[in-house]
Amino acid sequence: MAKSKVTAEEALAFHLEPTPGKFEIRATVPMTTQRDLSLAYSPGVAVPCEAIAESPETAYDYTNKGNLVAVISNGTAVLGLGNLGALASKPVMEGKAVLFKRFADVNAIDLELDTEDPEEIIRAVKLMGPTFGGINLEDIKAPECFIIEQRLKEEMDIPVFHDDQHGTAVICAAGLINALHISGKKIEDVKIVLNGAGAAGIACLELLKRMGAQHDNCIMCDTKGVIYQGRTEGMNQWKSAHAAKTELRTLEEAMVGADVFLGVSAKGAVTQEMVASMADNPVIFAMANPDPEITPEEAHEVRMDAIVATGRSDYPNQVNNVLGFPYLFRGALDIHARAINDEMKIACAHALAELAREDVPDEVALAYGKALSFGRDYIIPTPFDPRLIHRIPVAVARAGMDTGAARRPIIDMDAYELSLKSRMDPTASILRSLNTRARAAQSRMIFAEGDDPRVLRAAVTYQRSGFGKALVVGRADDVKAKLEAAGLGDAVRELEVVNAANTTHLQAYKDFLYERLQRKGFDQKDVHRLAARDRHVFAALMLAHGHGDALVSGATRKSAHVLERINHVFDADAAHGAAGITAVLHKNRIVLIGDTLVHEWPDEEDLADIATRAAGVARHMGVDPRVAFVSFSTFGYPVSERAEKMHLASDVLDQRRVDFEYEGEMTVDVALNANVQKAYPFQRLTGPANILIVPARHSASISVKLMQEMAGATVIGPILTGVDKPIQICSTVSTANDILNMAVLAACGIG
């Protein structure tokens, strides 16, 4: 997948809005009444304090220790930026914290320590030990990182894990297991050359030796060449442990006949001549970031039989640490582990390798825009594989229990696996899939309101993210001024600004519009004003004539007004089967609500139509539809004429023999709560509903707004469906990101 361009302005805005930073702390218990406060703090809090003092292991029961990791750095080796110091490393550590949460539902807090003294770091982390269930060390330079990690592992009774070392090592090992499987070689037989004797390189070689690689078959190199027995220049105890008994002195010499190359060094460190000299079916893991030691294209020019992996997402076989650390900690935390030992890391590597050899789920293929299957270009699972959360921690936990690292072993592993599945956030994979499909579609997106800075920022991001061409309806001088004010002045040359004055199609637009409106009370002057002066109508006319592929509007005017204008050009009303479906994303769930835009007071036939439209939207998003017709009554009680149509809508779908689940009428708690559904064993839903069809537009609007304001739900929509061309109408309170999401939906043809 192609990488999208990220500008400095966009990156800063992302970290600034809506609030500075990338996460916040929220209470998990009620904190509203005096009784709540008395239980949460004094005097109630004294009871768990005394319990923990008597039995320290109960801290895992009464506090968040068991799901809390500290992400700790002193900023001496920040990404590829070097020694930026503790404060400047904070954005990276916040980012690591949100990755823990996103991929494995692990709570993490970043702690930046303003010292380069290993002893001070060791003392500080040890003193904080009671707070956390695990310690993730990050971006600490070598060799201090070795000293700090080793001492902390020896002196603390919770997992201490330096991800720069072991995260890379685990994913590298997983990929190598499969690469050797494909090439028909065994780890104990292969000659391995590693270039880059820093934290990651040393950890990679140590783990592979634990897995069977022979010391005499492993050659480590650094900037001064081969690390051999007797060398004194640039050596330390960690390098010396891997010094080989060899006459080889340069990387070029070492590569001759090598089966495996592992690179954690620098761009261009490996030449095509070196690759050509390797053994048959060579394995090349060029993991330097942002640019590999040699690109896959360069390697394959001279060796078509090579299996190549890099650290980049735009090449196959990405060695990505996010495949490891979240799930290693998830498994370790869930057994209250004393450490993450080598056996747990090896179990993680084998579980990842096994996962890559299995059939890839459809949603993964949908997210990446292509079918994936085990082979030379797919030896490592993708970071967005939904199986990772319930497969890798299980393997890690088992290894931890088998090796005595667990304080509290898991008894029912099947139940544990089910609990892990419930931690999966489906919304992220859905949005990822939509973005990938939008990039593949390359739609020319018409942004109707080019006088609004939010719309312009969304248009710039749409184009720079590689989704397609952005066409902005507006005046060129106004667009330029607003982009400059937003710090995006360089984008003026990228966007295509269109209006009635600079198009050659205006007369064709007016003729088309007059044909549609002449019997609806509009004369030619009215049509001219609409086509030439109303941006919503003009944008819709562009779309109708194929001068764009999709349309986004509504950021500056009420949705009803925009829909009325669009109806001049398209049949986007209830009579023609249109509907508005809003996606509500909250607490790892997605629920579609309809109709939020078109039908004011639908009857049972309309409700059945809306349900069918919503099911189509759900499937476009990769969601298996389960429809509930909701009301204030459940299966006929209390009796009400207003609730009757919700019951009749199910009868209509019975007659139509639709191919999705549906049930009703029912209250919202019955629709969304699997435990409440058990009280009605006759009902037909196989799980909580993900589509709610409500009695009227006002109840739909109230439901969405209430969730948005009171629960902080993310709202996408209303998604206009049932119209000939992809058109999406935003809310007037939309952010630039909201508008971008609507453009992505339109680009995917959802509607």
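1. Let's start with one residue, and a word of caution that this is a predicted model. His 336 is buried, because its relative accessible area is 11% and the cut-off for buried is under 20%.

2. Where does His 336 sit along the chain? Look in the loop between two helices, α14 (325-334) and α15 (342-357).

3. Which residues touch His 336, once its neighbours within four places in sequence are set aside? The partners are Tyr 60, Ala 405, Ala 406, Arg 407 and Arg 408. Try finding each of them in the structure above.

4. Now step back to the whole protein. You can count 31 helices and 21 strands in it. Its radius of gyration is 29 Å, close to the 27 Å that the globule rule gives for 751 residues, so the protein is as compact as a globular protein of that length. Along the principal axes, the C-alpha atoms fill a box of roughly 95 × 65 × 50 Å.

5. His 336 has company in being buried: 53% of the 751 residues count as buried. As for the outside, the protein exposes about 33100 Å², and carbon and sulfur atoms supply 52% of that area.

6. Contacts are worth a look too. Take those between residues at least 6 apart in sequence: 71% of them join residues at least 24 apart.

7. Last, the charges. How many side chains of each sign does the protein have? There are 78 positive and 99 negative ones, and the centres of the two sets lie 3 Å apart.

Notes:
Residues are numbered from 1 along each chain as its sequence is written. This is a predicted model: local features need pLDDT of at least 70, side-chain atom pairs count only at pLDDT 80 or more; totals for chains, interfaces and linings use all residues. Side-chain values use heavy atoms; hydrogens and water are left out. Helices (H or I, at least four residues) and strands (E, at least two) are DSSP runs, numbered from the N terminus. The radius of gyration is taken over C-alpha atoms; the globule rule is 2.2 Å times the number of residues to the power 0.38. Buried means under 20% relative accessible area, exposed over 50%, partly exposed in between (1.4 Å probe, protein chains only). Contact means heavy atoms within 4.5 Å. Accessible areas come from the Shrake-Rupley method with a 1.4 Å probe; for residues, only the protein chains shown count as cover. Lys and Arg count as positive and Asp and Glu as negative; His and the chain ends are not counted. The place of a charge is taken as NZ of Lys, CZ of Arg, CG of Asp or CD of Glu.
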